[in-house]
Amino acid sequence: MKAPAVEAPETFVLADAEAVANRAARWLTETATARAGERFSVCLSGGSTPRRLYELLAEERHGPFPWATTHWFWGDERLVPPTDPQSNQRLAREAMLARAHVPEANIHAMPTVGLTADAAARQYERDLQARYGYGQIEPGRPLFDVVLLGLGEDGHTASLFPGSPLLDERVRWAAGATGPNGVERVTLTFTALRSAATVAFLVVGAGKRDVLARVRRGAPELPAALLRPAGRLVWFLDDAAAGITH
Ligand code: 6PG
């Protein structure tokens, strides 16, 4: 039986970070709206890049968003309280979830208080598997509709860092990790992150140009280059990250 054709990645290159955030917000609004009435699940990225996207979604700048049927998850989190400025959950709540009055029942944050990173990861993995209804990913049945990811200058994505043994993890859906500054983190593994109808990277700024080029060439030492989405892969880039000068 022929392997399903792997679609070529779709790339949107926009003039600047604001244009990237708007194009991604329009795309996500259209994608979610096309599934209105059905449960729609989005795995959020942390870092600074997606903040503007989250704000635009909350403003419904590109049309009404199906908040009631959309459920929100995280690809990674720092092991800090949700009130901590480093918290990815705090970022998403402030920029979007609170402003859009998203029901708490639709918000599935990674637990970060009173647990070790590994215990938090195991709890999140149990929660994900309970929602999915099965302890193993089934081909053709994505865990998420959309996974949003960023790219670190070292080529990491989520909290999967270069040289980490987690890059070879094929069973666990979530695991504890340690960030560059020693901050404990919880991250989904490639097993979970790849299980999406669409994986969308948002990458902006000249500082990401070199690592982005290496990732898109498939440099095996870079975690973001190792992700093999089961569905579509979409890149939202600005000129600076794409290396386009006018
Ligand atoms: C995190 C993110 C991380 C982020 C990249 C890019 O928790 O830090 O999950 O993977 O997406 O480091 O971060 P910026 O968007 O801030 O450049």
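Select arginine 78 in this predicted model. Arginine 78 sits in strand β4, which covers residues 76-78. The side chain is buried but takes part in no salt bridge. Its nearest side chain of opposite charge belongs to glutamate 77, 5.0 Å away. A salt bridge requires a separation within 4 Å, so that pair does not qualify. What lies 2.8 Å from a polar atom of the arginine 78 side chain? That neighbour is the backbone oxygen of glutamine 86. Now show the contacts of arginine 78, leaving out residues up to four places away in sequence: Gly47, Gln86, Asn88, Thr112, Val183, Glu184 and Arg185.

Next, display helix α2 (residues 51-59) together with helix α3 (residues 88-97). The two helices pack at an angle of about 35°, and their axes are 7 Å apart. On the α2 side, pick out Arg51, Tyr54, Glu55, Leu57 and Ala58. Their counterparts in α3 are Leu91, Ala92, Glu94, Ala95 and Met96. Colouring this contact by residue class gives 7 nonpolar and 3 charged residues, with no polar ones.

Turn now to the salt bridges. Side chains of opposite charge can pair when their charged atoms come close. The whole structure has 18 salt bridges, and three of them are worth a stop.

Begin with arginine 52 and glutamate 18, whose closest N and O atoms are 2.9 Å apart. Arginine 52 is in helix α2 and glutamate 18 is in helix α1 (residues 17-33), so this salt bridge ties together parts of the chain that are 34 residues apart in sequence. Are these two residues buried or partly exposed? Arginine 52 is partly exposed, at 23% relative accessible area. Glutamate 18 is also partly exposed, at 34%.

For the second stop, select aspartate 118 and arginine 172. Their salt bridge has its closest N and O atoms 3.7 Å apart. Aspartate 118 belongs to helix α4 (residues 117-132), while arginine 172 lies in the loop between β5 (144-149) and β6 (174-178). The pair thus links distant parts of the chain, 54 residues apart. Aspartate 118 has a relative accessible area of 33% and is partly exposed. Arginine 172, at 15% relative accessibility, counts as buried because the limit for that class is under 20%.

The third stop is the pair glutamate 221 and arginine 214, whose side chains form a salt bridge with an N to O distance of 2.8 Å. Glutamate 221 is partly exposed, with a relative accessible area of 39%. Arginine 214 is partly exposed as well, at 32% relative accessibility.

Which residues are joined into one network by salt bridges that share partners? Select Glu18, Arg52, Glu55, Glu59, Arg61 and Arg99 to see it. Glu18 and Arg52 are the pair from the first stop, and Glu55 was met in the contact of α2 with α3.

Finish at alanine 225, in helix α7 (residues 223-226). Alanine 225 is buried, with a relative accessible area of 7%. Setting aside residues up to four places away in sequence, alanine 225 touches Val215, Gly218 and Ala219. To place it against another part of the chain, draw a C-alpha to C-alpha distance from alanine 225 to valine 211: the two are 9.9 Å apart in space and 14 residues apart in sequence.

Note on methods
Residues numbered from 1 in each chain as written. Predicted model: local features only at pLDDT ≥ 70, side-chain atom pairs only at ≥ 80, totals over all residues. Heavy atoms only, no water. Helix = DSSP H or I, 4+ residues; strand = E, 2+ residues; numbered from the N terminus. Buried < 20%, exposed > 50% of the residue type's maximum accessible area, 1.4 Å probe, protein only. Lys, Arg positive; Asp, Glu negative; His and termini not counted. Polar contact = N/O pair within 3.5 Å; in protein donor to acceptor, adjacent residues only side chain to side chain. Contact = heavy atoms within 4.5 Å. Axes fitted to C-alpha atoms, helices over the stretch in contact; angles between N-to-C directions. Nonpolar A, V, L, I, M, F, W, Y, C, P; charged D, E, K, R; others polar.
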